[in-house]
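The following exercises concern a single protein chain and its ligand. Each task is followed by a solution that goes step by step.

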Amino acid sequence: MFSEIFHLDETTTEAELLDLISSLNADPRFHGILVQLPLPPQIEETVIIEALDPIKDVDGLHPFNVGKLLQGVPDFIPATPAGIQQILLRNGYDPAGKHVVVCGRSNIVGKPLATLLLQRRAGSNATVTVTHTRTANLAEITRQADILVAAIGQPRAITADMVKDGVVVIDVGVNRVDDSTRRRGYRLEGDVEFEAVSAKAEAITPVPGGVGPMTIAMLLVNTLTAARLSIHGR
Ligand SMILES: Nc1nc(=O)c2c([nH]1)NC[C@@H]1CN(c3ccc(C(=O)N[C@@H](CCC(=O)O)C(=O)O)cc3)C=[N+]21
């Protein structure tokens, strides 16, 4: 598989990034384009995402693809939500009929995951609750979760008192925590207090080695889909 990384300066203007996207949209060597988020403040995220050719939008973030997902007829399922669904299914935890509590409402994880698991479709059919920074009595809600997804962006945000016995926990957090004992100067931590929550959980994903690698695998699935669409159309 051919790929190219375009490392742009953080002072890149919106117009410059739009130019690059136009050229990638028109370039048949690339079936997929992923714009790494977040973007610096001078660049409007929605403007950039709407500039992508929806057929190359392997992140599934263009409004066309968001709409298709909401309708239950996606071409591209956003990679992290798709990876989470696969982790559940391949480990024997079909979300059908379960109460899934998604902590976090981002456009890249929380909202598309809630949408995906809500679908009337094999592998979904969950009852979904989405919590966020303004949620009242968060622990009361997370304790009702059969499946708890932490996509908050804060280390140790989910503690043992917030989960019930037998919960299945998916930790989406990829928080960099300063750690001078590491070669890189930091270590990765999830959003879940892993040790304490593990003691109550039926199953839990680690960070690193959990959702992250599955996200990458699903990005490759979407890239294959994009190549297929480029040849055969929808
Ligand atoms: N448009 C867009 N789409 C994304 O999907 C996206 C993004 N922007 N911006 C940044 C976040 C973050 N993200 C990760 C994916 C995999 C790992 C991963 O595989 N991590 C390894 C560890 C890697 C290490 O140790 O450094 C693991 O969890 O085992 C981490 C982070 C995708 N993101």
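**Exercise 1. The ligand shell**

Determine how the shell around the ligand divides by residue class, and which elements supply it.

Solution. Step 1: by class, the shell comprises eleven nonpolar, five polar and one charged residues. Here Ala, Val, Leu, Ile, Met, Phe, Trp, Tyr, Cys and Pro count as nonpolar, Asp, Glu, Lys and Arg as charged, and the others, Gly among them, as polar.

The structure is a predicted model, in which local features need pLDDT of at least 70, side-chain atom pairs count only at pLDDT 80 or more, and totals for chains, interfaces and linings use all residues. Residues are numbered from 1 along each chain as its sequence is written.

Step 2: there are 17 residues around the ligand, and Leu-37, Val-174, Pro-208, Gly-212 and Thr-215 come nearest. A residue is near a molecule or strand if its C-beta atom, placed from the backbone, lies within 6 Å of it.

Step 3: helix 4 and helix 8 (211-232) each supply at least two residues of this shell. The largest share, four residues, comes from helix 8. Helices (H or I, at least four residues) and strands (E, at least two) are DSSP runs, numbered from the N terminus.

**Exercise 2. Two cis peptide bonds**

Locate the cis peptide bonds that precede Pro-38 and Pro-208.

Solution. Step 1: the bond from Leu-37 to Pro-38 is cis, with omega near 0 degrees. Pro-38 belongs to the loop between helix 1 (14-26) and helix 2 (45-51).

Step 2: Val-207 and Pro-208 are also joined by a cis peptide bond, where omega is about -5 degrees. The loop that holds Pro-208 runs between strand 7 and helix 8.

Step 3: Leu-37 and Pro-208 are both among the residues that come nearest to the ligand.

**Exercise 3. Overall dimensions**

How many helices and strands does the chain contain, and what is its radius of gyration?

Solution. Step 1: the secondary structure comprises eight helices and seven strands.

Step 2: the radius of gyration, taken over C-alpha atoms, is 19 Å, close to the 17 Å that the globule rule gives for 234 residues, so the chain is as compact as a globular protein of that length. The globule rule is 2.2 Å times the number of residues to the power 0.38.

Step 3: along the principal axes, the C-alpha atoms fill a box of roughly 50 × 45 × 35 Å.

Step 4: buried residues account for 37% of the 234 residues. A residue is buried if 20 or more other C-beta atoms lie within 10 Å of its own, exposed if 12 or fewer, and partly exposed in between, with C-beta atoms placed from the backbone.

**Exercise 4. The sheet**

In what order do the five strands of the open sheet lie, and which strands stand at the edges?

Solution. Step 1: the order is 2-1-3-4-7, with parallel pairing. Two strands pair if DSSP finds at least two bridges between them.

Step 2: strand 2 and strand 7 (203-204) stand at the edges, each with a single partner strand, so one side of each is left without a neighbour in the sheet.

Step 3: strand 1 is joined to strand 2 by five bridges, and His-99 has Thr-127 in strand 2 as its bridge partner. Four bridges link strand 3 and strand 4, where Ile-147 stands opposite Val-168. Strand 4 and strand 7 pair over two bridges, and the partner of Val-169 in strand 7 is Ile-204.

Step 4: in a regular strand the side chains alternate between the two faces of the sheet. From strand 4 (residues 168-171), Val-168 and Ile-170 point one way and Val-169 and Asp-171 the other way, and all are buried.

**Exercise 5. Helix 5**

Is helix 5 (residues 110-118) largely enclosed or open, and why?

Solution. Step 1: eight of its nine residues are buried, so helix 5 is largely enclosed by the rest of the structure. Among them are Lys-111, Pro-112 and Leu-116.

Step 2: these buried residues pack against helix 3 (63-71), helix 4 (79-90), strand 1 (99-103), strand 2 (127-131) and strand 3 (147-150). Two residues are in contact if their C-beta atoms, placed from the backbone, lie within 7 Å.
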